[in-house]
Amino acid sequence: MDTATALLVDLRQAPDSVRGLPRGRASGRYSCLACGQALELCGPRDHADFTARFRHTRNEIDRCPAGPEHLARVRAAVADAQSLAEHLVAAAPGVRIQAAVTATGAPEVIPVLALRLEAPSGVGVIHLPHGDLSDDQADRILAGGDTVTRQWVLFDRHDGAHYRAAGQVQVRTRRQDQRIDKISPTSGQRRLAQAQLAVAWRDNGTLLLPFGGHPITYPPRAGEDWSGSAASWQRDWKISQPRPADGAAWWGLLPLPLRALAAPALLGAAVTAMADLEAAQSGREAYRRGKARERYAQQQTRLVPARPQQLALPLPADTATSPDSTISAADQIPQLSTQTPAAAGLAPDPGPAAAPESRPRRWRRWRRLLARLRLR
Ligand SMILES: [Zn+2]
């Protein structure tokens with residue numbers, strides 16, 4: 001790498017790229033990406049027969065002291081950055097892309113490479129971590145930001161250090177039912193997402209943009225009955241967007257074409273999809289509260305016909321069962337505006353009204369027992 005510009009100098013890909021560079025050690029300007037040693041640039045500037053090259057030493061046989069495994073991983077990272085650059089240039093021909101280095105690390109850490117994009121719509125940098133991202137490398141990414149450049153940190157869906165799968169969540173947006181992959185972000189990924197840069201994943205030709213998932217329990221209101229089979233409906237999740245907020249329990253990933261990295265106009269689809277998810281949650285809450293009110297009304301007419309004016313105390317939240325965070329398809333409605341009786345008819349029956357008293361009573365007995373056990 002050329003430390004003066006932080007650009008990657010690859011003589012195999014672009015032998016002419018060294019034409020304008022000073023020869024020799026140039027005050028330690030060049031360093032090896034694999035071992036970090038200063039390099040010497042050899043070869044005359046204008047000599048068609050002589051290929052310029054970098055050397056670690058003046059020994060007869062020049063060897064990089066990095067281990068073969070590390071060397072192979074660094075080479076793979078460079079090849080990967082170049083193939084992403086080719087993909088983006090093919091998808092958005094007006095864009096000029098240069099490969100650069102964001103952060104080198106300790107000898108065993110793979111450097112974070114970057115693609116610098118110059119497009120008519122503006123400039124951008126795509127940081128490409130490989131393997132574990134060290135705190136120091138994350139610091140360097142965060143330190144490099146400015147207000148003009150759109151910064152991306154692009155993780156790899158197929159890199160075990162980048163992607164910790166956490167199941168799926170089924171959602172229904174304005175357009176269609178979708179199963180969305182969920183992940184447990186690493187502490188480094190959480191930290192980057194709080195800064196003013198975009199964290200995303202790539203999965204071959206797909207870009208995955210994260211939103212935050214926050215489990216919630218709807219606080220009961222007067223006139224609602226969340227007991228019995230309705231208890232699981234009290235538990236839901238809400239979104240934080242356009243970036244995951246601090247404290248999100250999981251992140252969901254929305255797919256976009258990978259070329260959106262070089263064509264920011266395509267990112268609008270993710271903004272719309274996240275707004276849809278937010279609207280769908282408001283719709284679910286309104287629908288479920290409606291069901292809880294219906295259930296309450298049924299209880300009143302069936303169980304206490306003689307005293308219709310009696311107020312029921314809202315059920316404590318901790319008597320709810322613990323459903324998983326995946327929302328079933330039947331449990332969804334698309335929008336507030338589509339809550340017609342027909343749509344409501346598709347939803348599962350909240351269950352017979354006579355059953356609900358048994359569960360809270362049983363729970364209270366269990367909780368008394370548990371409290372006694374803890375005291376011993
Ligand atoms: Zn080296």
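This is a chat between a student and a tutor about the structure above.

Student: Before we start, what kind of model is this?
Tutor: It's a predicted model, where local features need pLDDT of at least 70, side-chain atom pairs count only at pLDDT 80 or more, and totals for chains, interfaces and linings use all residues. Residues are numbered from 1 along each chain as its sequence is written.

Student: Cool. How many helices and strands are in the chain?
Tutor: The chain has six helices and 13 strands. Those are DSSP runs numbered from the N terminus: helices are H or I with at least four residues, strands are E with at least two.

Student: And how much of the chain is buried?
Tutor: Of the 376 residues in the chain, 31% are buried. A residue is buried if 20 or more other C-beta atoms lie within 10 Å of its own, exposed if 12 or fewer, and partly exposed in between, with C-beta atoms placed from the backbone.

Student: Let's look at some strands. In what order do β1, β2 and β3 sit in their sheet?
Tutor: They form an open sheet in the order β1-β2-β3, and the pairing is antiparallel. β1 and β3 are at the edges with a single partner strand each, so one side of each has no neighbour in the sheet. Two strands pair if DSSP finds at least two bridges between them.

Student: How many bridges join β1 to β2?
Tutor: Two bridges join β1 (residues 30-31) to β2. Y30 stands opposite L39, and S31 has A38 as its bridge partner.

Student: What about β2 and β3, how many bridges there?
Tutor: Three bridges join β2 to β3 (residues 53-55). One facing couple is L41 and F54.

Student: Which side chains of β2 are buried?
Tutor: In β2 (residues 38-42), L39 and L41 point to one face and are buried. A38, E40 and C42 point to the other face and are not buried. In a regular strand the side chains alternate between the two faces of the sheet.

Student: What's going on in the hairpin of β1 and β2?
Tutor: There are six residues between the strands, and G36 takes a positive phi near 85°.

Student: Which residues other than glycine have a positive phi?
Tutor: A26 is one of them, with phi near 50°, and N204 is another, at about 55°. A26 is in the segment before β1, while N204 is in the loop between β10 (198-203) and β11 (206-217).

Student: Why does N204 count as exposed?
Tutor: Because N204 has 9 C-beta neighbours inside 10 Å. A26 has 16 C-beta neighbours inside 10 Å, so A26 counts as partly exposed.

Student: New topic: where's P242?
Tutor: P242 is in the loop between β12 (235-240) and β13 (250-257). The peptide bond from Q241 to P242 is cis, with omega near 10°.

Student: And A270, is that buried or exposed?
Tutor: A270 counts as buried because it has 21 C-beta neighbours inside 10 Å. A270 lies in helix α4 (residues 268-303).

Student: Which residues is A270 in contact with, leaving aside its neighbours within four places in sequence?
Tutor: Those are L209, L254 and L256. Being in contact takes C-beta atoms, placed from the backbone, that lie within 7 Å.

Student: How about contacts across the chain, what share join residues at least 24 apart?
Tutor: Among contacts between residues at least 6 apart in sequence, 67% join residues at least 24 apart.

Notes
Two residues are in contact if their C-beta atoms, placed from the backbone, lie within 7 Å.
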